[in-house]
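Reader: Hi! I am new to reading protein models and would like a close look at one part of this one. Could you also show me how that part fits in with its surroundings?

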Amino acid sequence: MPQNAKKPFLPLIFTLTFLLIFSLSSCASISRQSGEKYTKTGFYLDTVVTLTVYSEEDAQFLDDCLALCGEYEKIFSRTAPESELYKLNSADSAEVSPALSELIETALEYCETSGGRFDITMGAISDMYAFSSDSPTLPSDEAITDALEHTGYEKISLEGNTITLSDAETVIDLGAIAKGYIADALADFLRSKGVESAIIDLGGNILCLGSKPDGSNFKIGIQYPYRDSNQVIDTVAISDLSLVTSGVYQRWFEHDGEIYHHILDPKTGRSLNNGLISVSIISSSSTACDGLSTTVFAMGLEDGMALINSLPDTWAVFITEDMELHYSEGFEERFGK
């Protein structure tokens, strides 16, 4: 695990998110912006990666960071035939790289902690809905029932770096946690090069390395659910922290007056309906933020809040269907709410 991806769990130790970074613009190649800001973008794991540093000297490392994203895509992508995870899902048992083994082990801890309400074997069912396509569909009850026979994180076993699937049709999907792991790895790389101020944005998974060059915090906005991405419902000022959001409004469609979203209930294969619209997590580990955002969403407001309140140096804001914001213990004091 990258240096900063500390295992967050108490006893036992998954998105596109839409966050607005104020005054941060993206471009197709390295560009110099006002105030000596340099930004470069790429596209990996179906995600737009935007990297920002604050000096020409630091900008020389942006290509290296994108190359690292490409290397991790070759490990964690579920859909690319050349990727390590794709080959594992096809082989059902394989000795894998330490990075893949480590991330699967970490993801399984979230599965256990949530009592199976977070599950990394739901990718095949999510594909049935085609949430990311121009023509999403509603799978039949029969199709969902059949597919559920092959889900369940308990079907995954680890021994060293060997991963085994007890069901040949089980498919591991790390989409709910891989971006956080990659963000931590990029931050570790930049630190090793002496970079003290940067923003790593993996499709909205935000990691702020250090603070702004003038010593002030980065100001991060959380999108107002179901509104334009430029409209925010809350803002936080952070340094050397990551912020990740899981929300039902990120990928969804309407069918016969009902809204179906991409955060699925592993028991039913249907969209979770527990009164929550989004959960945003702040922690020093982006891996933890990514895994926890989906985990506590799946656990619901009461259980999810209890988990967050039991974790050190971890904060959350839950948004319920009435658009009310619920802050974890210490959040308002720490971030000036």
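Reader: How many residues does α7 have, and how far does it reach from its first C-alpha to its last?

Author: Happy to help! This is a predicted model, in which local features need pLDDT of at least 70 and side-chain atom pairs count only at pLDDT 80 or more, while totals for chains, interfaces and linings use all residues. Residues are numbered from 1 along each chain as its sequence is written, and side-chain values use heavy atoms, with hydrogens and water left out.

Now to your helix. α7 has 15 residues and spans 21 Å from its first C-alpha to its last, close to the 21 Å expected at 1.5 Å a residue. (Helices are DSSP runs of H or I with at least four residues, strands are runs of E with at least two, and both are numbered from the N terminus; the expected span is 1.5 Å times one less than the number of residues.) Of the 15 residues in α7, 13 are buried, so the helix is largely enclosed by the rest of the structure. (Buried means under 20% relative accessible area, exposed over 50%, and partly exposed in between, with a 1.4 Å probe and protein chains only.) After α7 comes G194, with a positive phi near 85°.

What does α7 touch? A search of the whole structure finds nine aromatic pairs. (Rings of Phe, Tyr and Trp, the last by its six-membered ring, pair if their centres lie within 6.5 Å; planes under 30 degrees apart are stacked, over 60 edge-to-face, and the rest tilted.) One of these pairs is Y72 with Y181, edge-to-face at 5.9 Å centre to centre and with 80° between the planes. Y72 belongs to helix α2 (residues 62–76) and Y181 to α7 (residues 178–192), and this pair links distant parts of the chain, 109 residues apart. Y72 and Y181 are both buried.

Helix α2 also holds I75. With a relative accessible area of 16%, I75 is buried. The C-alpha atom of I75 is 8.4 Å from that of Y86, and these residues are 11 apart along the chain.

Other helices are useful for comparison. For the 16 residues of α4 (residues 98–113), 1.5 Å a residue gives a span of 22 Å, and the end C-alpha atoms are 23 Å apart, which agrees. α4 has 12 of its 16 residues buried, so this helix is largely enclosed by the rest of the structure. Among those buried residues are L100, I104, L108 and Y110.

Then look at α8 (residues 286–309). Its end C-alpha atoms are only 18 Å apart although it has 24 residues, short of the 34 Å that a straight helix would reach. Try finding G300 in the model: a kink of about 135° in α8 is centred there. (The bend at a residue is the angle between axes fitted to the seven residues ending there and the seven starting there.) α8 is mostly covered, with 19 of its 24 residues buried. At the start of α8, a side-chain oxygen of S285 comes to within 3.3 Å of the backbone nitrogen of T287.

Beyond α8 is a loop leading to β16, and D313 lies in that loop. D313 has a positive phi of about 50° although it is not a glycine. At 58% relative accessibility, D313 is exposed.

Finally, it helps to step back to the whole chain. Its secondary structure comes to nine helices and 17 strands. Buried residues make up 56% of the 337 residues in the chain. That is the setting for α7, where 13 of 15 residues are buried and Y181 pairs with Y72 edge-to-face.

Terms used:
Polar contact = N/O pair within 3.5 Å; in protein donor to acceptor, adjacent residues only side chain to side chain.
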